[in-house]
Amino acid sequence: MSILTVTNENFEMEIIQADKPVLLDFWAPWCGPCRMIAPVLEDVAKEAPDVKVGKINVDEQPKLATRFGVTSIPTLVVMKDGVVVKKSIGARPKAAILGMLR
């Protein structure tokens with residue numbers, strides 16, 4: 001599955017109403033660690049078809065960043081049934097990201 005670009009406009013439908021767990025990546029283009037984990041998230045999206053992976057650009061979607069209390073990026077958030085179940089700040093290896101989804 002490909003990575004979804006999440007915005008204020010599609011957040012409710014794509015994330016809150018998702019029928020499977022969601023991994024959200026709060027990021028920005030100028031963030032080195034964010035760019036470093038981008039290919040890892042692409043792999044996760046391909047390897048975990050039972051999970052929806054979305055990216056939220058904090059510069060373009062500041063309301064969503066505020067809603068989730070994001071103060072540092074990258075921040076990874078796992079949601080199930082519209083509720084945050086796990087949160088991680090900073091770049092993580094692939095195994096750790098996959099571990100968040102269990």
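**Exercise 1. Determine how many disulfides a search of the whole structure finds, and which cysteines are joined.**

Solution. The search of the whole structure finds one disulfide, a term that denotes a pair of cysteine sulfur atoms within 2.5 Å. The model is predicted: local features need pLDDT of at least 70, side-chain atom pairs count only at pLDDT 80 or more, and totals for chains, interfaces and linings use all residues. Residues are numbered from 1 along each chain as its sequence is written, and side-chain values use heavy atoms, with hydrogens and water left out. Next, the partners are cysteine 31 and cysteine 34, with an S to S distance of 2.4 Å. The angle about the S-S bond is 75°, and the link of cysteine 31 and cysteine 34 is right-handed. Finally, both cysteine 31 and cysteine 34 are buried, that is, under 20% relative accessible area (1.4 Å probe, protein chains only).

**Exercise 2. Establish whether the span of helix 2 agrees or disagrees with its number of residues, and locate its bend.**

Solution. Helices are DSSP runs (H or I, at least four residues), numbered from the N terminus. Helix 2 covers residues 32-47, which is 16 residues. The expected span is 1.5 Å times one less than the number of residues, so helix 2 should span 22 Å; its end C-alpha atoms are 24 Å apart, which agrees. Helix 2 nevertheless bends by about 35° at alanine 38, with proline 39 following within four residues. The bend is the angle between axes fitted to the seven residues ending at a residue and the seven starting there.

How values were computed:
Helix = DSSP H or I, 4+ residues; strand = E, 2+ residues; numbered from the N terminus. Buried < 20%, exposed > 50% of the residue type's maximum accessible area, 1.4 Å probe, protein only.
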